[in-house]
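Student: I should like to request a close look at a single part of this protein, followed outward into its surroundings. Please take the structure below as the basis of the discussion.

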Amino acid sequence: MAERYSRQILFPGIGREGQEKIRSKHVLLVGAGALGSGNAEILTRAGIGKLTIIDRDYVEESNLQRQQLYTEEDVLQKLPKAAAAEKRLRAINRDVEIEAIIGDATPEVLEELANGIDLIIDATDNFETRMAINDVSQKYRIPWIYGACVGSHGMSFTILPGTTPCLNCLLRTIPLQGLTCDTGGIIGPAVQMAISHQSAEALKILVEDWDAVRSTFVSFDLWRNEYIAMKMSKAKFSGCLSCGEHPTYPYLDKENMTKTTVLCGRDTVQIRPSAQGELSLEKLASQLGSLGYEVKGNPYLLSVELGEERMVIFRDGRALIHGTKDLTHAKSVYQRIMG
Ligand SMILES: [Zn+2]
């Protein structure tokens, strides 16, 4: 394996010392979609020590156009993205410890995962989770890298607690809420560009080359040939509730946690039950089968169909109701199927 990282060690910004630092680090990757796939692959190939990946979704055919870790076989098996990513990443580099979590990155879960993490990479598709990552980053002093992508447009910003403004500060100048959950499609090159910005910053942080870390907010559009890098040092706000003088970390407040969520850009609603606990998928499959539902599954989830209704239920009790954006309708489908 001496040759494995030779090109990266030859690169002056990393060197042998940097390689050893990369090897000793633990990154938390929130989301295993397009940005998550690319960041995970680059860090795994670069020889990161440990990668924890959390994702709540499973692989579908429409993901294959841009989510580079997944295959047609993963679609056929309806594998959860975290499980499919783990399988692929292990095949790429068996020296990297991969921890795959199939579940929702709630504030509670993110706080539990924060211990021992050197860096968080944002590969989510929603505002709520990003703001929770931002508060966890400030509370536990963990750097994080924001990234977003839609159409041919993407953005990235690196947040170092105590040094840079945080995402909550940025909201005063950039309307980031409006840029998520777009249904206008997306092209692979924009994804790759966002991944490149995030993973380059990740390598700098992992080798502790703080002077090299980008301080600007980057925004690009590959179709319109635009590239903007905005200085953000003045955006730091002393009254910020996440990074200011008297932080309250508002996005870690459990009251703020929604139980029912419309998933970004899709006709899908997620329902998270209030009671925690493992479901027996085997038992549920036979019950629903005897009620006339068409049930398919794998060790991680069940896919249930009856007429127009389609629902996927995970072992932790979380359900994705497809074909609707209506929360009330989704809840009634859930209750009808789950009894
Ligand atoms: Zn702030």
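How many of the residues of β2 are buried? Please describe this strand and then the parts of the protein around it.

Tutor: The model is a predicted one, and what follows should be read in that light. Strand β2 is mostly covered, for six of its six residues are buried. The side chains of Lys50, Thr52 and Ile54 point to one side of β2, while those of Leu51, Ile53 and Asp55 point the other way. Both sets are buried, and they include the charged residues Lys50 and Asp55.

The pairing of the strand comes next. β1 and β2 run parallel and are joined by five bridges. Within β2, Thr52 has Leu28 standing opposite.

Leu51 gives a view of the surroundings. Apart from neighbours within four places in sequence, Leu51 is in contact with His26, Val27 and Leu29, with Ala40, Leu43 and Thr44, and with Leu89, Glu97, Ile98 and Glu99. In soluble globular proteins, nonpolar side chains tend to be buried together. Here, the largest nonpolar core has 42 residues, and Leu51 and Ile53 are among those with the most contacts inside it, alongside Val27, Leu43, Leu89 and Leu119. Two or more residues come to this core from each of β1 (26–30), α3 (34–46), β2 (50–55), α5, β4 (119–122), β5 (144–150), α9 (188–206) and β7. The greatest contribution is that of α9, with eight residues. A second core, separate from this one, has 33 residues, including Leu110, Val136, Leu167 and Ile174.

Thr44, one of the contacts of Leu51, leads to a polar residue. Asn93 is found in the loop between α5 (81–92) and β3 (97–102), and its side chain reaches the backbone oxygen of Thr44 at 2.9 Å. Asn93 counts as buried because its relative accessibility is 0%. Leaving out residues up to four places away in sequence, Asn93 touches Arg4, Tyr5, Thr44, Arg45 and Gly47.

Strand β7 (residues 216–221), which also gives residues to the largest core, may be set beside β2. In β7, too, six of six residues are buried. Thr216, Val218 and Phe220 point one way from β7, and Phe217, Ser219 and Asp221 the other way. The pairing, however, is antiparallel: four bridges join β7 to β6 (residues 153–159), and six join β7 to β8 (residues 226–231). Asp221 takes part on both sides, standing opposite His153 and opposite Glu226 in β8. The hairpin of β7 and β8 has four residues between the strands, and Asn225 there takes a positive phi near 55°.

Two further places complete the account. The zinc ion has as its protein donors the SG atoms of Cys166, Cys169, Cys240 and Cys243, which lie 2.2 to 2.3 Å from it. The site is tetrahedral, with angles of 95 to 122° among the four donor atoms. The spacing of these donor residues in sequence is C-x2-C-x70-C-x2-C, and both Cys240 and Cys243 are buried. Arg336, in helix α11 (residues 327–338), is partly exposed because its relative accessible area is 46%. Arg336 touches Tyr293 and Glu309, residues up to four places away in sequence not being counted.

Terms used. Residues numbered from 1 in each chain as written. Predicted model: local features only at pLDDT ≥ 70, side-chain atom pairs only at ≥ 80, totals over all residues. Heavy atoms only, no water. Donors = N, O, S within 2.8 Å, 3.2 Å for Na, K, Ca; no water. Tetrahedral: all angles 85-135°; square planar, octahedral: opposite > 155°, others 65-115°. Buried < 20%, exposed > 50% of the residue type's maximum accessible area, 1.4 Å probe, protein only. Pairing = 2+ DSSP bridges. Polar contact = N/O pair within 3.5 Å; in protein donor to acceptor, adjacent residues only side chain to side chain. Contact = heavy atoms within 4.5 Å. Core = buried A, V, L, I, M, F, W, Y, C linked by side-chain atoms within 4.5 Å.
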